[in-house]
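Welcome to a short set of worked exercises. Keep the sequence and the model side by side, try each task yourself, and then follow the solution step by step.

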Amino acid sequence: MAGIGFELKRIFKKDSLFSIISGATYSTVVVIGPTILVMATILATYVFLGVSNISYAQRELLSAIILYIFIFSQIITAPINCIQSRFIADCIFEERFEDILPSFYMGLLLSEIIGFLTGLPFAIRMAVVGKVNLGFVFFGYVFFLILIYVFYALTYLTATKDYKIVAMDFFVGMVLTFVSSMGLHFVFRVEETYAILIGIMLGFFLIGVLFVSYIKHYFVVSNDSYTKCLSYYKKQTSLMFGTLFYTMGIFVHNFVFWCTSDHLVIVDCFYTYQSYDMAACLGMFTNISAMVIFTVMAETKFHDIYQEYNEAVIGETLQRIHDAKKKMFRLLMQQISYVVRVQAIISVIIFICAVTFLPDVGFSGLEMTVYPALAAAYYCVFIMYCNIIFLCYFNDNKGIFLTGFLFFACTVAATIYSCHLTPEFFGIGLLLGALVGWSYSFFRIRYLEQNFDYYIMCNMHILYSKREERPSSLIYKNGAFINGYTKK
Amino acid sequence: MRICMIVEGAYPYVAGGVSSWVQQAITNMPEHEFVIITLVASRDDKREIKYTIPSNVSEIHEFYLQDDDYGRSHRRKRSLSPEEYEAFKTLFFGTDTDWDCIFEYFASQKVSLDQLLMSNDFLKMTMEFYKLNYNRVVFSDFLWTLRSIYFPLFSVLASKLPEADLYHCLSTGYAGVIGSYGKYLYKKPLLISEHGIYTREREEEIIKASWVAGTYKDLWISQFRKFSDCAYKYADMVTSLYEGNKRLQIEFGCPEEKIVITPNGVDAAAFSNVPQKDPSDPYINIGAVLRVTPIKDVKTMISAFAIAKEKDKRLKLWIMGPTDEDEVYVAECKEMVSYMQIEDVEFTGRVNVKDYMGKMDFMVLSSISEGQPLVILEGFACHRPYITTNVGDCKGLIYGSFDDYGDAGIVVPVMNTVKLADAMLYMAENEKVRHTMGEIGYKRCKYYDKDQCYGAFKKIYADLIGDPSWQE
């Protein structure tokens, strides 16, 4: 989200109630607007097409396929995006703008190949084992590939720092989704499930087209060296896996519950646990404002202080470097504690509202029993996410990897245990995983603070390091030059 | 006896000076086996062998001042022990360095230069020193300067040193430290034979250098002083070409009792039948045997010749020596000749001096730095007087350090065009004086005899190794 700070600073320049409301709205629209917009559109198509009236099997198949596509496209693109994102950042810093567009194509090819290969067995299973209509399988598969593309391209679009365009493109895409779904059903008499699936696919396809046109318009020059970015996958392996584990950690507790005996199996392919999944969704939305708060703070204040520190390292005395470091970490701790406090208040308010009002609109029973623990768990997940972003600022790939891994591993282990407990404690698995990840990332930041001089000034290589033994220094022996010595 | 000779930036890639001495020493001591360690900048540099390698050279090793880091897969990251920390600290910033500890550090493990220079220990000691002495300069500059100062030293110490019966360094500096490392590793004697005074030369170079910021000149200079401290401390014997150098060595911390004066030597007989000047040659030929490089100050010589040539049209200048070491400088010299429209200046390139020296009427050496130039002795061997600048032991050679025969030439101040031109004109106009000076020079050669010189080294080798059989 680098760059929204400029806009926010402009908005917050006037210290008025209006500017605060404008800033908060802008941040919300930019950070979580597209997510909310997509969910609202899907919900709207469900309502307007009367999905509640179609058969349970069809309805659940549609919901499951959409759920799976969103989850797995995120898991596939997240590790690729983080690498591409770092590559873009370096290109921009080193002013190698001509490398960006080729890297876009290479990353796209990579993500689509992975998406194609991972999605194919699933699509075949749907068709062969699940006996799902081939058309439905085809549209689902295409939608999966399109969504991978959109999530991938989003990284490049955020690099342009034009967040209004992102929000606008999503808006246009979702309008098309709604309109096409309605048109397909009411004009062309297409079945509701097909109409919704094709509508969403078309909407995201349009978003993708708008994204690529903007990216090509923005990054005009290209040197056609497509493979340059690939070296980053080798250099930044820990970052890639850290991100992969973090993203999987967000969903892995669902996967564990999908494997329990109370799960729902749809067409022998899709495993879900509706009450738990819904509670998880509520838990996530209870805390998602943490991302908005954090992004606003990090982009408006921390980014500048971090820049100040970097400039001090390059051209200041040690005293000034240490002063800048103290200032930076003081602010960092202030921001972490601010997010923790403010988000706690927001989460509690939303939680009280949820438990008060949601039963009246149909949420009851198991969902609401599971919800409290998951609300607490997602609170920790988002706070941990803030720490991960700080670790990203410091290029601490090791810290990111270990945070992601600990979060993932502990969530898996604890969820395997918690799924055997009473429903109130189902969410304990994610909560424990997030607590471990959060704690580790926090202490990692403290560790970095204590060793920051070493970390910034020494944590790099100055020499080309080779695996092989040092070659013999001998160039001449008993009357002859050796070792292919040809300098004579 | 297996002798390991360690040379920096010279043999067998650079002709003249120290390289010539090495070639002659090895050739004159066929009874010994020689292993050469030649210090060069990096693996990738292009180099050309300038000498025919004598048959008693069994091995030549290249040690690189800048090299990659090897053996990554076999290393563990480890901190320095308290003793090592103190030793490195004194190497970087203190005095009285514990070189034994540093040598042991490199000898006991495969050292990663990358890990050492980027270690927390290195950063900590840099910070300590910075806070005490440099706290107003940009820290990152300071840190990187220190890394660049020590990288070449660590790079050569990380190389595997061949075993020998005796280590003979042709200078202090990096060569001296490697020789000391050899002595530490294999408990074998160490000889330092200095032709110039390495530390003084580096000091002069650093003071003039634009690539070293003013703040850091002291740091660089103090490091080279530490290297010479190490070499002088470990050396069993140090040789010097003449008294002046000996005094400088003592000044730089070498114990006087270790120093022996061993002047250069020339094989005068080898010059006895050199071709002489054609009587019909109308020119008065001035010979300059030197590498065309800034340190030889060829430009001052050309300027002086231009002045002299204006007054005496018979003069002709022969610049004899390699022109491939500093091609830019060579081009500038040639451009100067052409721009100033100076007639009768010949750049012969690398030649066999014996083919030319006898044809010269007198010789010139315009260097701004020298030790005890062999070319002057070769000129003397050809009965030719020399005009030289007052550097190194030139004065001793011209006026006589060991005799009272008289002047074998004229000594002029460094970079003094007018005095050099006057000396050229004086020589040109006074044939009789030239002849007299040439004969004095020839007589003086006996004090700088090749056999005496290399005989002295044979004795030193035998003494150091404890072998009395050399006299038999």
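**Exercise 1.** In the hairpin of β3(A) and β4(A), find the residue that takes a positive phi.

*Solution.* Start with the connection: the hairpin has 2 residues between its strands. A:Asn478 is the residue to pick, with a positive phi near 45 degrees. Next, look at the pairing: β3(A) and β4(A) are antiparallel and share 2 bridges. Here A:Lys477 stands opposite A:Ala480 in β4(A). Helices (H or I, at least four residues) and strands (E, at least two) are DSSP runs, numbered from the N terminus. Two strands pair if DSSP finds at least two bridges between them.

Before going on, note that this is a predicted model, in which local features need pLDDT of at least 70 and side-chain atom pairs count only at pLDDT 80 or more, while totals for chains, interfaces and linings use all residues. Residues are numbered from 1 along each chain as its sequence is written, chains are lettered from A and ligands numbered from 1 in the order in which they are written, and side-chain values use heavy atoms, with hydrogens and water left out.

**Exercise 2.** Work out the strand order of the open sheet of 9 strands, and name its edge strands.

*Solution.* Step one is the order, which reads β4(A)-β3(A)-β3(B)-β2(B)-β1(B)-β4(B)-β5(B)-β6(B)-β7(B), with mixed pairing. Step two is the edges: β4 (480–481) of chain A and β7 (259–261) of chain B each pair on one side only.

Step three is to follow two of the pairings. Strand β3 (residues 474–477) of chain A runs antiparallel to β3(B), joined by 3 bridges. The bridge partner of A:Lys477 in β3(B) is B:Glu59. Within chain B, strands β1 (residues 2–8) and β2 (residues 33–42) run parallel and are joined by 7 bridges. B:Ile3 of chain B faces B:Phe34 in β2(B) as its opposite number.

Step four adds a helix: α7 (residues 173–186) of chain B packs on the sheet and touches β1, β2, β3 (57–66), β4 (166–169) and β5 (190–194) of chain B (contact means heavy atoms within 4.5 Å). The direction of α7(B) makes about 170 degrees with that of β4(B). Axes are lines fitted to C-alpha atoms, for helices over the stretch in contact, and angles run from 0 to 180 degrees between N-to-C directions.

**Exercise 3.** Which strands form the edges of the open sheet of 6 strands in chain B?

*Solution.* Write down the order: β10-β9-β8-β11-β12-β13, with parallel pairing. The edges are β10 (345–349) and β13 (409–412) of chain B, each pairing on one side only. From one strand to the next, the twist averages 20 degrees. Then take one pairing: β9 (residues 315–320) of chain B and β10(B) run parallel over 4 bridges, and B:Leu317 stands opposite B:Val345 in β10(B). Finally, α13(B) lies across β8 (284–289), β11 and β12 (386–389) of chain B, at about 165 degrees to β12(B).

**Exercise 4.** How do helices α2 and α6 of chain B cross?

*Solution.* The axes of α2 (residues 82–92) and α6 (residues 139–157) of chain B come within 12 Å and cross at roughly 125 degrees. That makes α2(B) oblique to α6(B) (angles under 35 degrees count as roughly parallel, over 145 as roughly antiparallel, 65 to 115 as roughly perpendicular and the rest as oblique). B:Phe88, B:Leu91 and B:Phe92 of α2(B) make the contact with B:Tyr150, B:Leu153 and B:Phe154 of α6(B).

**Exercise 5.** Is B:Ser369 buried or exposed? Ask the same of B:Asp404.

*Solution.* B:Ser369 sits in the loop between β11 (362–365) and α13 (374–381) of chain B. Its relative accessible area is 19%, so B:Ser369 is buried (under 20% relative accessible area, with exposed over 50% and partly exposed in between; 1.4 Å probe, protein chains only). Leaving out residues up to four places away in sequence, B:Ser369 touches B:Glu201, B:Ile295 and B:Val391.

B:Asp404 lies in the loop between α14 (394–399) and β13 of chain B. At 72% relative accessibility, B:Asp404 counts as exposed. B:Asp404 and B:Arg444 are 40 residues apart in sequence, and their C-alpha atoms are 9.5 Å apart in space.
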